[in-house]
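Please look through the sequence and the model below before reading on. The explanation moves from the chain as a whole to its interior, and then to individual residues.

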Amino acid sequence: MAESLVPRLYSCSNCRNPVSLHDDIISKSFQGRNGRAFLFSHAMNLTTGPKEDRHLLSGLHTVADIYCADCHQVLGWKYERAYEASQKYKEGKFILEKAKIVKEN
């Protein structure tokens, strides 16, 4: 029998709204507010809060909190700008906290 063509998804742990694809994970070794977090290249079904500068473990960044579009739970943040050259790869990427998402399939 052929393998399932259904993509592996990550969903909001509160309402199961799909928020990203497993294939979009860049790294699983990030730190969020509540523990481990994953860096994703793309995310979906989210709303974005206002941009603000934050001092994170890797330096100063302009970030915006990201919320589930259905239940409005904060799931992580989006990197809008990195001020250090070594951190520029994060720009436009998403941090989703492991405690706030669940793996489907």
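What follows is a walk through this structure, starting with its overall build and ending with a few selected positions.

The model is a predicted one, and the chain in it holds nine strands and zero helices. Read from one end of the sequence to the other, the pattern is accordingly β-β-β-β-β-β-β-β-β. The C-alpha trace spans about 50 × 30 × 20 Å along its principal axes. The radius of gyration is 14 Å, which agrees with the value near 13 Å that a compact globule of 105 residues would have.

Several totals describe how the chain is packed and what it presents to its surroundings. Of its 105 residues, 41% count as buried, and the chain exposes about 6000 Å², of which carbon and sulfur atoms supply 51%. When contacts between residues at least 6 apart in sequence are considered, 46% of them join residues at least 24 apart. As for charge, the chain carries 15 positive and 12 negative charges, and the mean positions of these two sets are 3 Å apart.

The interior can be approached through a general tendency: in soluble globular proteins, nonpolar side chains tend to be buried together. In this chain, the largest nonpolar core has twelve residues, namely Tyr10, Cys12, Val19, Ile25, Phe38, Phe40, Ile66, Cys68, Leu75, Phe94, Leu96 and Ile101. The elements that give two or more residues to this core are strand E1 (9-12), strand E4 (35-40), strand E6 (59-68) and strand E8 (94-97). Apart from this core lies another one, of seven residues, which include Val63, Trp77, Tyr79 and Ile95.

Two members of the twelve-residue core show which partners surround such positions. Leu75, placed in strand E7, counts as buried because its relative accessibility is 0%, where buried means under 20%. Setting aside residues up to four places away in sequence, Leu75 touches Cys12, Val19, Leu46, Ile66, Cys68, Ile95, Leu96, Glu97 and Lys100. Leu75 is also 64 residues from Ser11 in sequence, while the two C-alpha atoms are 10.0 Å apart in space. Ile25, under the same exclusion of sequence neighbours, touches Tyr10, Phe38, Leu39 and Phe40.

Two lysines may be read together through their partners. Lys28 lies in strand E3 (residues 25-32) and counts as partly exposed, at 38% relative accessibility. Leaving aside neighbours within four places in sequence, Lys28 is in contact with Tyr10, His22, Arg36, Ala37 and Phe38. Lys98, in turn, is placed in the loop between E8 and strand E9 (101-103), and with a relative accessible area of 41% it is partly exposed. Beyond its neighbours within four places in sequence, Lys98 is in contact with Arg36, Ala37 and Phe38, residues that also appear among the contacts of Lys28. Separations in sequence and in space can be set side by side here as well: Lys28 and Gly59 are 31 residues apart in sequence and 19 Å apart from C-alpha to C-alpha, whereas Lys98 and Pro7 are 91 residues apart in sequence and 19 Å apart by the C-alpha distance.

Strand E5 (residues 46-56) holds Pro50, and this proline counts as exposed because its relative accessibility is 66%, with exposed meaning over 50%. Exposure does not leave Pro50 without partners, since, not counting residues up to four places away in sequence, Pro50 touches Val63, Ala64 and Asp65. Val63, listed above in the seven-residue core, is 13 residues from Pro50 in sequence and 8.3 Å from it in space, C-alpha to C-alpha.

Finally, two loop positions deserve a check of their backbone angles. Asn45, in the loop between E4 and E5, has a positive phi of about 55° although it is not a glycine, and Asn45 is partly exposed, with a relative accessible area of 35%. His72, in the loop between E6 and strand E7 (74-82), likewise is not a glycine and yet has a positive phi, of about 70°. With a relative accessible area of 51%, His72 is exposed.

Key
Residues are numbered from 1 along each chain as its sequence is written. This is a predicted model: local features need pLDDT of at least 70, side-chain atom pairs count only at pLDDT 80 or more; totals for chains, interfaces and linings use all residues. Side-chain values use heavy atoms; hydrogens and water are left out. Helices (H or I, at least four residues) and strands (E, at least two) are DSSP runs, numbered from the N terminus. The radius of gyration is taken over C-alpha atoms; the globule rule is 2.2 Å times the number of residues to the power 0.38. Buried means under 20% relative accessible area, exposed over 50%, partly exposed in between (1.4 Å probe, protein chains only). Contact means heavy atoms within 4.5 Å. Accessible areas come from the Shrake-Rupley method with a 1.4 Å probe; for residues, only the protein chains shown count as cover. Lys and Arg count as positive and Asp and Glu as negative; His and the chain ends are not counted. The place of a charge is taken as NZ of Lys, CZ of Arg, CG of Asp or CD of Glu. A nonpolar core is a set of buried Ala, Val, Leu, Ile, Met, Phe, Trp, Tyr and Cys residues joined through side-chain atoms within 4.5 Å.
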